[in-house]
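Me: Please examine the structure shown here and answer several questions on its helix packing and its chain interface.

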Amino acid sequence: MSGIPTITGTALPSNAPGHQTGWLAQLDPRARILCAVGFAVTVVTCDSFGTLVAAVAIALALLVASRLPPRQTLRRMVAMDSFILFMLILLPFTVPGEPILTIWGISASWEGLAQATRIALKANAVILALMALVGTMEPVVLGHALHSLRVPAGLVHLLMFTVRYIEVLRQEYMRLRLAMKARGFRPSTCWHTYRSVGYLLGMMLVRSVERSERIMDAMKCRGFTGHIPLMKRFCLSQNDIVFAALFSLLIVTLLVGEALHAAV
Amino acid sequence: MPLFELSDIHFGYPHRPPILAGADMVLDAGERVCVTGHNGAGKSTLLRIMVGLLRPTGGTVAAFGQSRREEADFHDVRRRAGLVFQDPDDQLFCPTVAEDIAFGPLNLGASRASAIEIVDSVLTRLDLMHLRDRVTHRLSGGEKRLVTLATVLAMEPDVLLLDEPTNALDEENEARLVEVLDALPQAMVIVSHDPHFRRRLGTRSLRLKEGILTQPAPPKCRNASVP
């Protein structure tokens, strides 16, 4: 197709987040996104413990294949778990059923515990697979892949502009923060701190608006008419097709396992 | 026929004293006019008025032999007069260098294939092919500056408008930029605080003071060079 080589194929600085060399990272980003979405939808619909444990095992296998640093990745997963921790703890107490134990007159049920475990397994399987398949992608590549998967252009551009300018904004924030520090600002719990941080945020907002106007001007200077062309084209290799086929087979196996379990 | 002819330009930002008060400027083919002036004198404003990003409250802008008034008049001006912004981060907004350079040509109706051709030829001319697929926000300051120049050159302008092009460049990168600009045939308007840079490139100088462009007094020492 086009002569534009893939971004992943060129030398990016190695400090780039998620720049991986595992075979999983070599696969077509579109195939990886579709597999991750397929896996997520399947896992969410399954209910039997056997299937869910198998799904977690698959996700762990993907994690190994992606060559993400396991410790860091699992820590990120735990960070996600902390969001649902409260719900998982409360669930046994709120679902009616056969009681396990009673605390202050409120009893926890086996059914609730089972449900909480199911949710934990599902969430972790999905998030692990997502990190292994999609999280290893450069954000820019993700944008291009979503574009070629016909995700609405507005959303893709929003992602692209975010990727492009988040670092610029962060640097602006750091500069302002440093300038405050240089004049002896030390945050504490007082009105002066609140007001100063308010000024900082307000200034960031004003600068961002002004920057966006300058960007708009620069775009107009180059004949912008409301449409941003994205040049990247992907092409599927045999490896991608084999991977997608095998992964689909895996998903179907999960579904069959679930159906057999439900029939019993 | 001059490329640009600004006469009696008046402009002021809301709630502030007028910044341009009767500025005149003529730019002929082959000229490289340096504009100097203190901070906030209205140098960037002048460049923005030239490409119609700001509309003067008084006076006329003529570009490429035609008087320009409405937004639609300026579409053509913006293609033929490439404005290089002060902050490269304002100008480079596409994810990759190749896409950013192709943005202009694609807007002008080039096909994908010919846009890619333009990208390659511009990058080859500036000896920047190694940056082609880099992510724009990870470029160094010097690389960003040269890539912004490439994005503008891709539209094959007749005039270059450079707003503080040496801002935040080290000596090596500045020398590189001078070399690149010196080899270009385009007429230029260069806003710069850097006397060395002006001396290397400019063919004449204008000073923006109190809203008016004037020819600076000739140097007192006869050994001093003019721009």
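Me: Which residues of α2(A) meet A:Val141, A:Leu142, A:Ala145, A:Leu146 and A:Ser148 in α6(A)?
Reply: This is a predicted model, in which local features need pLDDT of at least 70, side-chain atom pairs count only at pLDDT 80 or more, and totals for chains, interfaces and linings use all residues. Residues are numbered from 1 along each chain as its sequence is written, chains are lettered from A and ligands numbered from 1 in written order, and side-chain values use heavy atoms, without hydrogens and water. With contact taken as heavy atoms within 4.5 Å, those α6(A) residues are met by A:Pro29, A:Arg30 and A:Ile33.

Me: How are α2(A) and α6(A) oriented to each other?
Reply: The axes of α2 (residues 29-45) and α6 (residues 139-148) of chain A come within 9 Å and cross at roughly 75 degrees. Angles of 65 to 115 degrees count as roughly perpendicular, and the two helices are therefore roughly perpendicular.

Me: What is the area buried between chain B and chain A?
Reply: The contact draws on 35 residues from chain B and 40 residues from chain A. Carbon and sulfur atoms give 60% of the buried area. Taken as accessible area (1.4 Å probe) lost on being put together, summed over both parts, the value is about 3,300 Å².

Me: How many salt bridges does the rule find across the interface of chain B and chain A?
Reply: A salt bridge is a side-chain nitrogen of Lys or Arg within 4 Å of a carboxyl oxygen of Asp or Glu. One pair is A:Asp217 with B:Arg48, whose closest N and O atoms are 3.1 Å apart. For B:Asp90 with A:Arg214 the separation of the closest N and O atoms is 2.4 Å; B:Asp90 lies in α3 of chain B and A:Arg214 in α8 (residues 191-221) of chain A, so this pair joins two chains. Across the interface, the number found is seven.

Notes:
Buried area is the accessible area (1.4 Å probe) that two parts lose on being put together, summed over both. Axes are lines fitted to C-alpha atoms, for helices over the stretch in contact, and angles run from 0 to 180 degrees between N-to-C directions. Helices (H or I, at least four residues) and strands (E, at least two) are DSSP runs, numbered from the N terminus. Angles under 35 degrees count as roughly parallel, over 145 as roughly antiparallel, 65 to 115 as roughly perpendicular and the rest as oblique.
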